[in-house]
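Student: I have a new model open and would like to talk through its sheet with you. Shall we begin?

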Amino acid sequence: MKLLFKSIGLYDEFIFESEISKTQFLMNLKKFIYKSDFSIFEIADYSIPNRFEYRGLVNDDDFMIRRRRHFFDNNIQNPIIRGLICEQNGITLIKIELSPSNYSFIKILILLSFLSIILLNFNFNKNDDVTFILISILMLIIQYFILKRNIKKSKYDFKRELTFIAQKK
């Protein structure tokens with residue numbers, strides 16, 4: 001799945017370096033993250049306290065988080081952020097990967113399958129059919145660019161959060 005996301009431009013990764021210790025970094029990171037998994041029956045994002053900007057799991061060597069949605073936030077396609085934390089020579093290295101959630105990708109595949117079914121079943125004699133197909137293609141393209149924009153935006157926001165977390169007090 002990662003290779004597919006890389007080939008279509010829906011995957012990003014970067015390495016963040018910090019001079020604070022790994023344990024201090026993890027302690028600061030846990031202050032921003034509401035501990036939960038990504039199951040369907042989990043508590044709704046808008047009922048999480050406001051001090052938590054992210055939700056997910058943080059372990060000793062890695063984390064998997066997602067930015068939480070707010071009450072009237074219609075942006076439901078926040079990417080999943082995975083990180084691997086290691087410490088070398090007093091410097092904490094965090095390798096971070098951003099990729100869309102499986103829900104977002106499945107939604108694109110469903111739109112694509114509907115489009116292919118429509119293309120196989122319609123005759124191209126009428127103008128209405130061509131208009132319907134063009135609108136379907138446009139919706140698919142817009143969905144792709146929304147996912148791509150959200151990954152770039154999340155990368156920028158998470159870099160800012162990491163810089164704030166890594167500052168020595």
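Student: Which residue in strand 4 does tyrosine 54 stand opposite?

Tutor: Happy to start there, bearing in mind that this is a predicted model. Strand 3 (residues 54-58) and strand 4 (residues 62-67) pair in the antiparallel sense over five bridges. A hairpin of three residues joins strand 3 to strand 4. Within strand 4, the residue opposite tyrosine 54 is arginine 67.

Student: And which residue of strand 3 stands opposite tyrosine 34?

Tutor: Here we look at strand 2 (residues 33-35), which pairs with strand 3 over three bridges, in the parallel sense. Opposite tyrosine 34, in strand 3, stands arginine 55.

Student: Why is strand 3 largely enclosed by the rest of the structure?

Tutor: Good one to ask! Strand 3 pairs with strand 2 and also with strand 4. It is largely enclosed because, of its five residues, the number buried is four.

Student: Which strands are the edge strands of the sheet?

Tutor: Let's take the order of the six strands, 1-6-5-4-3-2, in an open sheet with mixed pairing. Each edge strand pairs on one side only, and these are strand 1 (12-18) and strand 2.

Student: What is the bridge partner of aspartate 12 in strand 6?

Tutor: Strand 1 pairs with strand 6 (residues 91-99) in the antiparallel sense, over seven bridges. In strand 6, the partner of aspartate 12 is leucine 98.

Student: What angle does the direction of helix 2 make with that of strand 5?

Tutor: Helix 2 (residues 22-30) packs on the sheet, and the strands it touches include strand 3 and strand 5 (80-88). The angle between the directions of helix 2 and strand 5 is about 155°.

Methods: Residues numbered from 1 in each chain as written. Predicted model: local features only at pLDDT ≥ 70, side-chain atom pairs only at ≥ 80, totals over all residues. Heavy atoms only, no water. Buried < 20%, exposed > 50% of the residue type's maximum accessible area, 1.4 Å probe, protein only. Helix = DSSP H or I, 4+ residues; strand = E, 2+ residues; numbered from the N terminus. Pairing = 2+ DSSP bridges. Contact = heavy atoms within 4.5 Å. Axes fitted to C-alpha atoms, helices over the stretch in contact; angles between N-to-C directions.
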